[in-house]
Structure formats: C-alpha cells, structure tokens
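Please look through the structure shown here, with attention to how its helices pack and where open space is left between them.

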Amino acid sequence: MAELDADLDHIIPSSVLPPFWAKLVVGFVSLVCFARSYDGDFVFDDSEAIVNNKDLQSDTPLGDLWHHDFWGSRLSSNTSHKSYRPLTVLTFRINYYLSGGFYPVGFHVVNILLHGGISILMLDVFSVLFGGLQFTSRGRRVHLAPRASLLAALLFAVHPVHTECVAGVVGRADLLCALFFLLSFLGYCQAFKESNKEGTHSSTLWVLLSIFLGAVAMLCKEQGITVLGLNAVFDILVIGKFNILETVQKVLHKDKSLENTGALRNGGLLFRMTLLTFGGTGMLYVRWKIMGTGPPAFTEVDNPASFADSMLVRAINYNYYYSLNAWLLLCPWWLCFDWSMGCIPLIKSVGDCRVIALAALWLCLIGLIFQALCSEDSCKRRILTLGLGFLVIPFLPASNLFFRVGFVVAERVLYLPSAGYCMLLTFGFGALSRHTKKKVHYNIGKNLADQGNQTAAIRYYREAVRLNPKYVHAMNNLGNILKERNELREAEELLSLAVQIQPDFAAAWMNLGIVQNSLKRFEAAEQSYRTAIKHRRKYPDCYYNLGRLYADLNRHVDALNAWRNATVLKPEHSLAWNNMIILLDNTGNLAQAEAVGREALELIPNDHSLMFSLANVLGKSQKYKESEALFLKAIKANPNVASYHGNLAVLYHRWGHLDSAKKHYEISLQLDPVAAGTKENYRLLRRKLEQMQKKDV
C-alpha cells in the first residue's frame, strides 16, 4: 500500500514512523485524551456491576464467578441478564482487593491503561489490514503502510465515542474483549509466518491459540466470538486472495475454470476454516449450556422496536438504530450513557422523515460494498472489505438480527467497530488527498501554460500524471505542450495512452491526429480525427483539423467539405472560413472564394483576417476600390501586421497608385525587414519610380 502511504506523507512526518516512536505517540495521545476520567466516581451501571456486586468481595468463592452473570446474579435465575463475563468480573475483584475497597481511582486508571494498550496494539492490526501480511527471512513482519497505520491508530485512540467504555468502569468488558480480540487476530496472522518455516503443525498451534484467545475475549464480553469470523474473512480474502466478484461471474457463466480456483482447492485454508467453525460452534454450545434457562427476558422499555407487531416497523427501526450508530462514529457531537426510556421514538410509518437516514446509510454501504467487490485495484478491494468486516462483524451481536438485545443504542458496543470506521476514514482521506494533490498540480500546470511558461507547466503536468497514472486530462494537456515544442514522439505516446485509458476522450483523439499529421502519418491521423468525431459529433475544431489534413493531401473537395462542416457547427469559426477562401483563391476559383468571403464577413463582420483574405481575392479580380477599403479596414483593426501593409502595397502597385504602394511597402518592411517577397516588390517599385523620374527629366 505504498501509494496510500505516499498520499499521507504531508500529514504524518517521517520522524514518527519507526515502530517504537509510532507506538509511543499513539499511547501518549490515548492517555492524554482520557486521563481526565481518572478521578471519576462510580456512575450508572457501575453501581450494580461493582458496588452492589457481591462477587467482588473476598467472602464470595472465586468459583461462583463462573456461575454468575455480570451483575452477580445466578445465570440459572429467570431474572438473570445472561451477560456472562467472568473474566471482566475477576479484574474488578482484583481491583477491589488491591484498592482495599470501592475506591474508583484504581478502577478508572486500569481502564485508561487498557485503552492505551489497545490503541498501541491497533498499530500492528492496522499495519496488517492496510499493508497485507509479509515477513522477512528472519520471520519478522514487514510494516508496509506505516503512515496509514499510524493515522488510523491515532483516530482510534482519540475517538470520542470511546468515552463510555473508558470513563465508565463497566466499559472494561468492552476493553478487555477488544484486547483479546486483537491478540486473537494477530495470533492468527502468526500462523502464516510459521507455516512457511516449520510446516502445518506449528501453523495449527497458532490457529488453536487464536481460537483460545477468541474464547477468552468472549469470556470478557459476548461479542469476542466474532473475531473468528474476522479471521475467516482475512484468511479467505487476503491469504487465499479470493475474488468474490470474479467467482460469482464464473458461477453465473458456468465457467469450468471455477474448479481450479486457488482458494477452493487450498487444503490448508479448508482445514483452518474447519478449525474455526468447530471452535466457534463449541464456544456457542458451552455458552448456551451455561445460560441454562435460555435467552434473557427484556422489557419493552429496554428495546421498544423489538416488541413492535409489524415486521416492517421492526426492520425500519433496527435500520434507523444502525444509522444512529453510524452517525455517532461519523459525528460524535452528542453522546449519551443511556438511550432507553423513549429517547428515540419509534418510527411507525415510512412517511417519517427519519427514514432518510436509513436511505443515506444504505447508499453509503452499497457504494462501499460495490467498490470492495468491483474495483480493479486489489489493494483497494482488500482494504475496503476488511474495513467493512471490522465495522460490521463485531457489531452483529448488538444488531438484533440473531436475538433481542436489552438496549436501543449503546456507544460501548462501537468500541471494536470503530476500528473499521477509522480504517475506512483513513483510506478515504488518503484517496481525497491524492485527488486534491493531483488536481492542484493539474491546475497549476494549466495556469502556467496559459501564462506561456511551458517548461514549468510540463513539470506540474508530469507530477499530476505520476500521482495518478490514469489522469487523462493531464496527459492530454501535456501532450499538447510537447506537440507545440515539436517533441512529437513523446506527445504521441501520451495521447495514445490517454485514449487507451478513456476511449471516448474526443479531444485527445483530435490532438493525437494533429501529432500524427505532423509526423506524416496521414492515414492514422485521419482515423484519429474520425474517431474523435464519432465520440463528439458536433466538433468543429476537429472538422477544421481534418480539413487541414485533406488540404495537405491535395484532397481539395474533402478539405472544403470538412471546413464547411466546421462553419455549420460553429458559424464564427474564423480559421475554417479563412482556409476555404485561401484554398479557393489558390486554386483559381475567385468567384467562389469571393462568395465565401462575403458570407463569412456577414457572420463575422469585425474579423480583420477575413477582411484581408477577401481583399486579396477582390484585388485579383481587379475590384481595386473595394479591395482597398477592406485592406484599410483590416489595417485599422490590426495595424502591426506586415502582410496587411505588404499586400495593400501590391494592390496599389497593380492599380498604379505608386506613391501609396511605396508608403505601405516601407511600413511592411519596418514591421518585417526579412520578408523576401516584399523586399523584391519594393525593389521593383523603386526601379520603376526611378525610370519614371528619368523619363520626366
């Protein structure tokens, strides 16, 4: 993921990239953000789970922790909450013992330190998720995306939605669950390092250790079991390089090559999936047996949507809850420790304006899923898929999809999913940064080119193309400048690449035709012009250039037709009108040239170049007075064009107005002293004037 890291180089300084310093920065930032909660009291659920929980006191046998729920009630009781978190309760008991009673400072300090440790651990997790899994010959994992990993870990460390988990002591269940969840994932990654060295036996041990750590995470909080699902997704997509879209297409087309798909024929992958499946099933079975009387009983006050009679109402409200959770991740402006007791009124019809939030959520998710499945960039597919996996999979136990939960919205359940959000946000920020950087270089290049500074413009256009090798507009503009500097070969390569990337890019096709025409590759040039016109039928400039090609090939009728098409599409196309007049003039069609010139001047009455061209035709037709008027009008509009004065001088020369001819020859030569034709005509005029003077004498 070197490209993503390069996009973040202006945000994350290289001085903090070494692993030690990166972890130091993340740990320090996480502690600073939440250190203020150290002197908080026991609040809300802390009272029941800690102060009133007899399992924390020494006179309660340790063995009872394995038969009680999180609140100290027996799991077999019908009133039990069924929250089985014995390891979390054990840490509370240790806290109680070390503090010598219910002193909240010690409890809060442990939570703050846990969050700091988890944030540091996130660096390693994000490094794998962003950069993939790669080891050195000594078996050390390579950090392939240090900037992206650091930015995502910092976002995770400071995210305000973690306030409930860190500042509320009962949030330790989520913190401990996250700790062992991440250790399980990293342990699973180790299986692929050892399998390359010592065979499948060591690999199996790492997988089993990962499953064990997943079970430990589940004993801290129920959602810990979801790490097995994330491990499976990681194994299939990253290790097995399984392409979901490609496989679906093969299934739909009944492609026989489906049988040779690597992931499906990988015995090691199937074995690991079997271990994960049996491990997860065993954990769920034991958990269900411990619960004893079945799922917990919640009231309508706890979760009103789950008691709605209509399945549609339930579905709408569940999805609205998801959108609220997404909004808390995106914009944690208002946070609340308890969203029950009617804080979120039920949506009872699709006419409720809050349905818009559902639509927005699913539009975003569908867009991300589409990119995760269909992007041609394998790194982008991997990052988006794993980011969505980290966002969604740990959230599933709180989604109401599999069983009713005892809350509406709970910020604490977003602790692990927020890692997926931070990953997606970092990727999006990198993409935006890349787009902004390439756009900035393109715009600077364009401005410099407009100012005539081609050398600097080339440098910025090249940088824009380097940042985005598919930036066809930068390629097109760069090709144009190179064409003007007569660097035709490179211009042709760039423009050919641009139309290869975007086959309907009409402007690039036209510019490619101009370059090919300059290289005397006339057939290729004609084909390029025709392709440009096919993609943009109303393209007067392309017709104009096509006419120039035909004129070079002496295909005069085709040239005139092409220029006529240009003027039909763009009546003010002065160059096309001029070329028609000049071609008809040069081929002796003076009457037709005069008619075209008059037609052009009716449409563009103030165009001095058209006045000049028509004046030349009228002069050859011996319509001297009208020709003179047009020449003088053109000179008045643009007095510093040598040819205007030179051709008017020729007209006067023919007409016999020799003094006027002498005057305009001299003005023309002042403007262009090296004009050979004008110098010769002036020499002839002076000789004639000298002869006339001698004759008079």
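The paragraphs below take up two helices and then a pocket.

This is a predicted model, in which local features need pLDDT of at least 70 and side-chain atom pairs count only at pLDDT 80 or more, while totals for chains, interfaces and linings use all residues. Residues are numbered from 1 along each chain as its sequence is written, and side-chain values use heavy atoms, with hydrogens and water left out.

Helix α22 spans residues 522-535, helices being DSSP runs of H or I with at least four residues, numbered from the N terminus. Its buried residues (under 20% relative accessible area, with a 1.4 Å probe and protein chains only) are Ala525, Ser528, Tyr529, Thr531, Ala532 and Ile533. An α-helix has 3.6 residues a turn, so residues three or four places apart point the same way. The cover over the buried residues of α22 includes α21 (506-518) and α23 (540-552), where contact means heavy atoms within 4.5 Å.

In α23, the buried residues include Pro540, Cys542, Tyr543 and Tyr544, and among the elements that cover the buried residues of α23 are α21, α22 and α24 (556-569). Just after α23, Asn554 adopts a positive phi of about 60°.

Elsewhere, α14 makes the largest contribution to the lining of the second largest pocket, giving nine residues. By residue type, this lining of the second largest pocket comprises 31 nonpolar, six polar and one charged, where Ala, Val, Leu, Ile, Met, Phe, Trp, Tyr, Cys and Pro count as nonpolar, Asp, Glu, Lys and Arg as charged, and the others, Gly among them, as polar. A pocket here is an open set of points on a 1 Å grid over the protein atoms alone, where a 1.4 Å probe fits, with protein on both sides within 12 Å along at least five of seven lines, and lining residues have an atom within 4 Å of a point.

Key
Helices (H or I, at least four residues) and strands (E, at least two) are DSSP runs, numbered from the N terminus. The expected span of a helix is 1.5 Å times one less than its number of residues. Buried means under 20% relative accessible area, exposed over 50%, partly exposed in between (1.4 Å probe, protein chains only).
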